[in-house]
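Subject: Structure for your files

Dear colleague,

Here is the structure you asked about. My notes follow below it.

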There are 2 protein chains.
Amino acid sequence: MPPATDRLLASLPTDLPAVERAARIPAGFVAAGATAGIKASGNPDFALVAAIGDPVPAAAVFTPNRFAAAPVRLSRANLQATGGSAHAAGYAKAVIATSGSANAATGPAGDADQAAIGEAIAAALGTTPQHVLHLSTGVIGTRLPVDKVSATIARVAPGGLTATDAGLDAASVSLCTTDSVKKSATVTVQSPGAGGGMVAITVTGICKGVGMIHPRMATMLSIVLTDATASPDTLRDLLRGTAAVTWDQLSVDGDTSTNDTVFVLASGAAGAASADTDPAARDALATAITAVARDLARQQARDGEGATALITCQVSGAADDVDARAIARAVIASSLVKAAVHGKDANWGRIAGAAGNAVAAEAAVLEAAGLTPTEAQARAAQPARVDPATLRIAIAGLVAYDGAKGGPTGIDKAAARIAMDAEEVLIRLDLGLGTGSGEAFGCPLTEGYVKENSEYTS
Amino acid sequence: MPPATDRLLASLPTDLPAVERAARIPAGFVAAGATAGIKASGNPDFALVAAIGDPVPAAAVFTPNRFAAAPVRLSRANLQATGGSAHAAGYAKAVIATSGSANAATGPAGDADQAAIGEAIAAALGTTPQHVLHLSTGVIGTRLPVDKVSATIARVAPGGLTATDAGLDAASVSLCTTDSVKKSATVTVQSPGAGGGMVAITVTGICKGVGMIHPRMATMLSIVLTDATASPDTLRDLLRGTAAVTWDQLSVDGDTSTNDTVFVLASGAAGAASADTDPAARDALATAITAVARDLARQQARDGEGATALITCQVSGAADDVDARAIARAVIASSLVKAAVHGKDANWGRIAGAAGNAVAAEAAVLEAAGLTPTEAQARAAQPARVDPATLRIAIAGLVAYDGAKGGPTGIDKAAARIAMDAEEVLIRLDLGLGTGSGEAFGCPLTEGYVKENSEYTS
């Protein structure tokens, strides 16, 4: 047994501030949740978040799926119209989210439905349709009931909107589909103030996500709000870099949905210095956004369809961070590893096999994570470097494989079974090749996942 | 309902000769299966195939897994030694296959075990260890019992080897692990003879494959034998091109194993003209190898762990074949599509979603399929072109989505449920973009897969 100080046996340090799993609405925003009747269950299915006053800087990451849904295409066009570029960054007054129907693969009729909803929101809030961003989630190929949504808009906007945590919490409930719990995260950090001194800025995220989740861009619906100050382009840069190390490292089932979207909106109401020009303000905002995104991704993985635990894979000692993230992703996406964790089987051979197959992310993700375009192109989809002779693997704190010592350690499978009976199963790999590190989040593959996805259309 | 002549509703023509699902040993080879006692079950676990006389031309495709097992690394080195290049093509006298232990991630001790087995085979058959090729399959991280294997070699080689179909059939049984059925395929076609006129050449393949199967190079163990005439490099070219459209288009669970290998050996005993120099002989051999490989891949998909049916996805009307194969692969690899087929749910939305995520194969596979190195590099991992407005989808012969007609057709789900209650479920996509076509093979995701892979170590 190695000494307890073995870095293989400890979680990677994250350098991130503590996260509160609650919706704390930042200054400058109002929100509401409601029941429009889209879901047959009668559960809440309508969420609206709006900026107080003029439209605020906003940025997005969208699914790369070629079957991108009507709300994705309309939001992309709106950000382009208000931001003046194709960078998914512009200005927004409101975000409308409906659940129960994805409004994906619904053709021109679906586009018209989504546009009508945007017009209704704009009329109710005294803004233009271009300043409305859209989210929708649910069954692919079914139409949105525009009449029900319009009636709900008339009821909620603007009178039902409130600048309280309860309003944002209600919005988070309305995002859910097969989610077993609502999901939110809040971080408050100090930032340089616009007028000198320091001010507190808040970043809050709400999200949904249970299936059709796989690391290719942001893979679910998330809304991140902050009272910090930043331009659309700065928000976009921060969001994309964050997604590359959080949501892009999340997989539930290897399927990337047609509706995945993350929005971030910044009200500037905290009076912080601009993240565009003040490096310390930028760092504070980046750190807070990353902490919120990472925590939401972990909540999404833990609540994966049929999931009974969170699987976190952390990799250190890689040749670089790109390889480390690729390997972590390959491990948590492996059906065999996921099934083994379900069975509390410390099956390190499947982990080694998955690590041996890891390939770097696509160029866009690598660029977002900080590589130059040339570097990103050269590394995209390249195999990650793994040497069986220097690799070490630990499962739930027990060393299972040590390449330098001949490989298999003869792990005590009974002890591992007890250690793996936990809310979070940590799989650690140290590659012994360099200083690269990274992590990824997933969940066990269970009979429940199969049952949920074979017995019901979703 | 479109007319029955709609190309969407028909299977793609394959232009391939008929395949007999039996082991028919080609002239010039002997084979045997035996029980060495590696498996606790006492089932056959030892297979040996040998050329009669001198070593014959041989080629291979190996797993790209960085955790490549000892038999993979030794076979690669042996082909390099006898072929004089790193092209996985050389000369072989025999193929030894053991099942029950993968001899993967076993470190230097595992390498020594495999080398000892090679030496024992060489001594028994009067050849050199470099002319012995190795396969092994089973649990990762366990040692091979060399004493038991050596004792079996002494018993089987050469006395137990036989030039009968029964000998090769016994070898196919010994390859199996959790396979529910043995797998073999034979094709006989006419080829120009070495001395003029036409001769019959036979290509026979035996294989195993049930889990840890995913399209990145050949993904299981297969041995293909022929009495045709070809040099090692020609065999290698034909095998690699074949794998790109057959085994690379097969997925059971998204995991690529540490031991995947396909060998092809050519005895030349049929007296055919050389495939190196006679284009018609090359075509005949290529066609026969492809027919055998395609059929073995279909048998492997159908017998995937927990599988209750074969899923075939065929794509036509793509911008090119690369896109078509990528889309077919994305559909059959989607956990959500696989679960839907298990539930006999004509969930075309999940098929559309999977198609929208398809990305081209890696450069090596694209090169093998006929692209130039420059083309392959440019296309590798690029998104496949799909236009929701021109796409059509049919499931088990029923049109579910027609982009040109507004999208969803309102498929009769009850009728589809009956049509999907079959041994093979055909999913057809026509993209309406060009003339590219391709296919891929997979299986439903069932509770049985989860049970098999969570309750037992494998």
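In what order do the 6 strands of the open sheet in chain B run, and what is the pairing? The order is β14-β13-β12-β15-β11-β16 of chain B, and the pairing is mixed. Please keep in mind throughout that this is a predicted model.

The sheet in chain B

Two strands of this sheet pair on one side only, namely the edge strands β14 (407-408) and β16 (436-442) of chain B. Further in, β12 (residues 392-395) and β13 (residues 398-402) of chain B are antiparallel partners, joined over 4 bridges. Within that pair, I393(B) has Y401(B) of β13(B) opposite to it. A helix, α9 (residues 348-356) of chain B, packs on the sheet and touches β12, β13 and β15 (424-430) of chain B. The direction of α9(B) makes about 130 degrees with that of β12(B).

The edge strand β16 of chain B contains G442(B). With 34 other C-beta atoms within 10 Å, G442(B) is buried; the cut-off for that class is 20 or more. Between the C-alpha atoms of G442(B) and T82(B) there are 36 Å, and 360 residues along the chain.

The 4-stranded sheet in chain A

An open sheet of 4 strands in chain A has the order β1-β2-β5-β6, again with mixed pairing. Its edge strands, each pairing on one side only, are β1 (29-34) and β6 (132-139) of chain A. On average, neighbouring strands of this sheet are turned by 10 degrees against each other, with direction ignored.

β1(A) pairs with β2 (residues 46-51) of chain A in the antiparallel sense, over 6 bridges. Two of the facing positions are worth listing:
- A34(A) is opposite F46(A) of β2(A).
- A31(A) has V49(A) of β2(A) as its bridge partner.

Helix α4 (residues 165-175) of chain A packs on this sheet and touches β1, β2 and β5 (94-101) of chain A. Its direction makes about 45 degrees with that of β1(A).

Is the edge strand β1(A) mostly covered or mostly open? It is mostly covered, as 6 of its 6 residues are buried. Both faces take part in this: F29(A), A31(A) and G33(A) are buried on one side, and V30(A), A32(A) and A34(A) on the other.

A second strand pair, and a buried loop residue

β3 (residues 56-62) of chain A is largely enclosed by the rest of the structure, because 7 of its 7 residues are buried. The partner of β3(A) is β4 (residues 89-92) of chain A; they are antiparallel, with 4 bridges. V56(A) stands opposite A92(A) of β4(A).

In chain B, the loop between β3 (56-62) and α1 (70-83) holds N65(B). This loop residue, N65(B), is buried, since 28 other C-beta atoms lie within 10 Å and 20 or more are enough. The C-alpha atoms of N65(B) and A31(B) are separated by 29 Å, with these positions 34 residues apart along the chain.

Domains

The domain assignment divides chain A into domain 1 (29-302) and domain 2 (309-442). Their C-alpha centres lie 31 Å apart.

The contact between the chains

How many residues does each chain give to the contact? Chain A gives 55 residues and chain B gives 55 residues. On the side of chain A that touches chain B, the elements with two or more residues are α2 (107-125), α8 (335-342), α9 (348-355), β14 (407-408) and α13 (447-455) of chain A. The most comes from α13(A), with 6 residues. By class, that side of chain A has 22 nonpolar, 24 polar and 9 charged residues.

Chain A can be laid on chain B by a turn of 180 degrees and a shift of 0.0 Å along the axis, with an RMSD of 0.0 Å. The two copies are therefore related as by a two-fold rotation axis. E447(A) is the residue of chain A that comes closest to this axis, with its C-alpha at 2.5 Å. Both copies use the same surface, and 100% of the contact residues of chain A recur in chain B.

Regards

Conventions:
Residues are numbered from 1 along each chain as its sequence is written. Chains are lettered from A and ligands numbered from 1 in the order in which they are written. This is a predicted model: local features need pLDDT of at least 70, side-chain atom pairs count only at pLDDT 80 or more; totals for chains, interfaces and linings use all residues. Domain bounds come from an automatic or database domain assignment. Two residues are in contact if their C-beta atoms, placed from the backbone, lie within 7 Å. Ala, Val, Leu, Ile, Met, Phe, Trp, Tyr, Cys and Pro count as nonpolar, Asp, Glu, Lys and Arg as charged, and the others, Gly among them, as polar. Copies are superposed by least squares on the C-alpha atoms of residues with pLDDT of at least 70 in both. Two strands pair if DSSP finds at least two bridges between them. Axes are lines fitted to C-alpha atoms, for helices over the stretch in contact, and angles run from 0 to 180 degrees between N-to-C directions. A residue is buried if 20 or more other C-beta atoms lie within 10 Å of its own, exposed if 12 or fewer, and partly exposed in between; C-beta atoms are placed from the backbone.
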